[in-house]
Amino acid sequence: MIKNVFISISSKEENRGSVEFQVFSFTNKIRRLTSHLELHKKDYLSHRGLRKILGKRQRLLAYLSKKNRTRYKELIGQLSIRETKIR
């Protein structure tokens, strides 16, 4: 089972409209759903929700990589997620 390691940011950094905060919150949701799906393998609605959230996070990361590459690299380093493939 995956450890429940959720990322928290301080209230000073909290700007709910920023791309970084949205990626933080999507990553927390993804980790929570992944740990849920390890126990409940046939929960297909949660599978669908996970795929939707993954797509949203992927689009936000692609946007950030186009706009500001240094912030993108810093963010994926903090979250310990892989770099998205560029087509």
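**Helix packing in a predicted three-helix chain**

Colleague: What does the chain have in the way of helices and strands?

Modeller: The chain has three helices and zero strands, and I should say at the outset that this is a predicted model. Read from the N terminus on, the elements run α-α-α.

Colleague: And how much of the chain counts as buried?

Modeller: Of the 87 residues of the chain, 31% count as buried. As for the contacts with a separation of 6 or more, 51% of them are accounted for by residues 24 or more positions apart.

Colleague: Let's look at α1 and α3 then. At what angle do they pack?

Modeller: Helix α1, which covers residues 19-39, and helix α3, which covers residues 69-79, pack at an angle of about 25 degrees, and their axes are 11 Å apart. Angles under 35 degrees count as roughly parallel, and α1 and α3 are therefore roughly parallel to each other.

Colleague: Is the crossing left-handed or right-handed?

Modeller: The crossing in which α1 passes α3 is right-handed. On the α1 side the contact is made by Glu20, Val23, Phe24, Thr27 and Arg31, while α3 brings Arg71, Leu75, Gln78 and Leu79 to it.

Colleague: How do the residues of that contact divide into nonpolar, polar and charged?

Modeller: In the contact of α1 with α3, four residues are nonpolar, two are polar and three are charged.

Colleague: Switching to the largest nonpolar core, which residues touch the most other members?

Modeller: That core holds 17 residues, and the ones touching the most other members are Val23, Leu61, Leu75 and Leu79. At least two residues of the core come from each of α1, α2 (44-67) and α3, with α1 giving the largest share, seven residues.

Colleague: Val23 has come up twice now. What is valine 23 in contact with, leaving aside its neighbours within four places in sequence?

Modeller: With those neighbours set aside, valine 23 is in contact with Arg57, Leu60, Leu61, Leu75 and Leu79. Three of these, Leu61, Leu75 and Leu79, are also named along with Val23 as touching the most other members of the core.

Colleague: One more, on lysine 29. Which helix is it in, and what does it count as at 36% relative accessibility?

Modeller: Lysine 29 is found in helix α1, and because its relative accessibility is 36%, it counts as partly exposed.

Colleague: And how far apart are the C-alpha atoms of lysine 29 and leucine 54?

Modeller: The C-alpha atoms of lysine 29 and leucine 54 are separated by 9.6 Å, although the two lie 25 residues apart along the chain.

How values were computed
Residues are numbered from 1 along each chain as its sequence is written. This is a predicted model: local features need pLDDT of at least 70, side-chain atom pairs count only at pLDDT 80 or more; totals for chains, interfaces and linings use all residues. Side-chain values use heavy atoms; hydrogens and water are left out. Axes are lines fitted to C-alpha atoms, for helices over the stretch in contact, and angles run from 0 to 180 degrees between N-to-C directions. Helices (H or I, at least four residues) and strands (E, at least two) are DSSP runs, numbered from the N terminus. Angles under 35 degrees count as roughly parallel, over 145 as roughly antiparallel, 65 to 115 as roughly perpendicular and the rest as oblique. A crossing is left-handed if the near helix is turned anticlockwise from the far one by less than a right angle, and right-handed if clockwise. Contact means heavy atoms within 4.5 Å. Ala, Val, Leu, Ile, Met, Phe, Trp, Tyr, Cys and Pro count as nonpolar, Asp, Glu, Lys and Arg as charged, and the others, Gly among them, as polar. A nonpolar core is a set of buried Ala, Val, Leu, Ile, Met, Phe, Trp, Tyr and Cys residues joined through side-chain atoms within 4.5 Å. Buried means under 20% relative accessible area, exposed over 50%, partly exposed in between (1.4 Å probe, protein chains only).
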